Amino acid sequence: MKRIAIIDVGSNSARLVIMEVHTSHACNLVYNQKDPLRLALKTDRKGYLTEEAFAATTNCLKNFASMCRIFHVDETIAVATAAIRNAPNGAKLAKAASQASGINLEIISGKTEAYLSYLGVINTIAVNDAVIFDLGGASTEVILVRDRKLVESVSLPIGCVNLTKNFKLNNMADPAALNKMRRAINDQMQKAPWIAGCGLPLIGVGGTARSVGKIEQKRTKYFTSKLHNYQFAVQDFKEWYKTLPGTTLATRRRIPGLSNDRADVIIAGSSIIKALADRSKARKLIVSGCGLREGLFSQYLHEHTDRPLIVPDILATARENMIHLYSPDEEHCRLVARYALQLFQGWQSLHKLEAARWEPLLETAALLHDTGITINYYNHTRHSGYLIENGKLFGLNHLDVVYTAILAAWHHGVNRGYLRNRPYRKLIPEADMKRLSNGALLLALAECLDYTQTGAIQSIEPAILGGSAVLTITASRTPSVELQQLHTLTKWFRKNMGCPLTVVVKEIG
């Protein structure tokens, strides 16, 4: 097991994350720290970073180094972005902070920053074509993605902090200053002609994008506080943006979902998003909680493990990570998943679940159905649901994560009490409750087929013959325990599928 520290010294804030990489290559976050440096504000009239910037950055890196020692970090990767990159004395600051802290702080280019943000997004959000923007304190990286590939990118020298400073937007914004800022933003947008009118979704990385997402979630009373892969209409953002520039700092601090340390820079940041949306004609905004730091970690994993730089299947990669972290018996879980898919395909005319949507959910629930045992064997189905609901299942939207959690939580029987007081209950129509019950039944049957976790059954063949569902089992001996468990599900099967279940055993010597 190794611990890797990733440090990102940005124009608005510096962050430290510590990732644990297990021998199985499973990864999990074990520490996160943020320091609101505001380096984009700590410059003089000529753009030089001030003594305050030097002291603040040095102290920050020394504190981060201390935490790395406490957490026994094996390797540290540290980068600096626009505020240090663009300052004439940025290299001097990076060298001084590196010497004082013992952490090698590397200044990366705008192109590299854009590429790392792209990696962080493309490995965690299932989208083929999009415009990614990484909106920081002193720059905004804009990336055009086609067929999951980076096609074009540019780093624009506009961010939420330097625009706020240059146009004096901290408190009540002057209309004339606002117009000047908007013209400056639009001038910069000319450097990205390839996004004009493309109509692709906008995927936002960085604190401003997250703040916009939080505001929208509070405004609509969204059922979860998860931000990564949160999607909403651009028009909804534009509606509340209309009144934002005319607000005072005190008023903005009372906006639900907006943190105090973002209230002063949200006008400038939101104005950049508005300009991107107008220029691209985007209809959808997607918030990404993953960006540059995750991109750096993706590079590390690619260089030190067999993981590809861009994973071909986001969901499969995410659930493999969860299996390695939580599953007590991987072989059993994979066998149950295989059986569940075979039952799904063989009896599709009975359960009537749409394959494109429900097969990935069932497979994921089957692979992770026993993860809750790592919390407590008793009620482990409920615990499995909790881990799925709160884990990093990249590749599924928020509601599909909930559905997957319910499938796992119900694989010992439908329990509507699991949904009691859940904020998403009102979003699940009764028709989907029936579908969830059908999916949970298939998972329950699949688990029964390896109930002893010995692989006693060699193969299964589900079929429909003469108005009855037939399950033919091939085994080297009579799988008595598995058959007994299957028998307990016959009533549930008849109720949901509308026909009896007949089990045929073929023994091979």
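The following exercises, each with a worked solution, concern the predicted model shown above.

Residues are numbered from 1 along each chain as its sequence is written, and side-chain values use heavy atoms, with hydrogens and water left out. Because the model is predicted, local features need pLDDT of at least 70 and side-chain atom pairs count only at pLDDT 80 or more, while totals for chains, interfaces and linings use all residues.

**Exercise 1. Helix packing**

Describe how helix α1 and helix α3 cross, and state which residues meet.

Solution.
Step 1. Two packed helices are described by the angle between their axes and the distance between the axes.
Step 2. Helices are DSSP runs of H or I with at least four residues, strands are runs of E with at least two, and both are numbered from the N terminus. Here α1 covers residues 51-70 and α3 covers residues 90-101.
Step 3. The two axes come within 9 Å and cross at roughly 35°. An axis is a line fitted to C-alpha atoms, for helices over the stretch in contact, and angles run from 0 to 180 degrees between N-to-C directions.
Step 4. The contact (heavy atoms within 4.5 Å) involves Ala53, Phe54 and Leu61 among others in α1, and Leu93, Ala96 and Ala100 among others in α3.
Step 5. By class, this contact has 8 nonpolar, 3 polar and 2 charged residues. Ala, Val, Leu, Ile, Met, Phe, Trp, Tyr, Cys and Pro count as nonpolar, Asp, Glu, Lys and Arg as charged, and the others, Gly among them, as polar.

**Exercise 2. The nonpolar core**

State which residues touch the most other members of the largest nonpolar core, and which element gives the most residues to this core.

Solution.
Step 1. A nonpolar core is a set of buried Ala, Val, Leu, Ile, Met, Phe, Trp, Tyr and Cys residues joined through side-chain atoms within 4.5 Å. Buried means under 20% relative accessible area, exposed over 50%, and partly exposed in between (1.4 Å probe, protein chains only).
Step 2. The largest core has 65 residues, and Trp347 and Phe493 touch the most other members.
Step 3. Among the elements that give two or more residues are α13 (314-326), α19 (430-448) and β13 (468-475). The most comes from α19, with 10 residues.
Step 4. Beyond four places in sequence, Phe493 touches residues including Trp347, Leu441 and Leu445.
Step 5. A second, separate core of 53 residues includes Leu163 and Val234.

**Exercise 3. A buried helix and a buried strand residue**

Determine how many residues of α17 are buried, and where Ile473 lies.

Solution.
Step 1. Helix α17 (residues 380-390) is mostly covered, with 8 of its 11 residues buried. Among them are His380, Leu387 and Ile388.
Step 2. These buried residues pack against α13 and α18.
Step 3. Ile473 lies in strand β13 and is buried, with a relative accessible area of 0%.
Step 4. Ser459 is 14 residues from Ile473 in sequence, yet their C-alpha atoms are 6.1 Å apart. Ser459 is also one of the contacts of Ile473, as are Leu449 and Val504.

**Exercise 4. Positive phi angles**

For Lys168 and Asn379, give the phi angle and decide whether each residue is buried or exposed.

Solution.
Step 1. Most residues other than glycine have a negative phi.
Step 2. Lys168 is not a glycine, yet has a positive phi of about 50°. Lys168 is placed in the loop between α5 (160-166) and α6 (175-189) and counts as exposed, at 65% relative accessibility.
Step 3. Asn379 has a positive phi near 60°. Asn379 is found in the loop between α16 and α17 and is exposed, with a relative accessible area of 56%.
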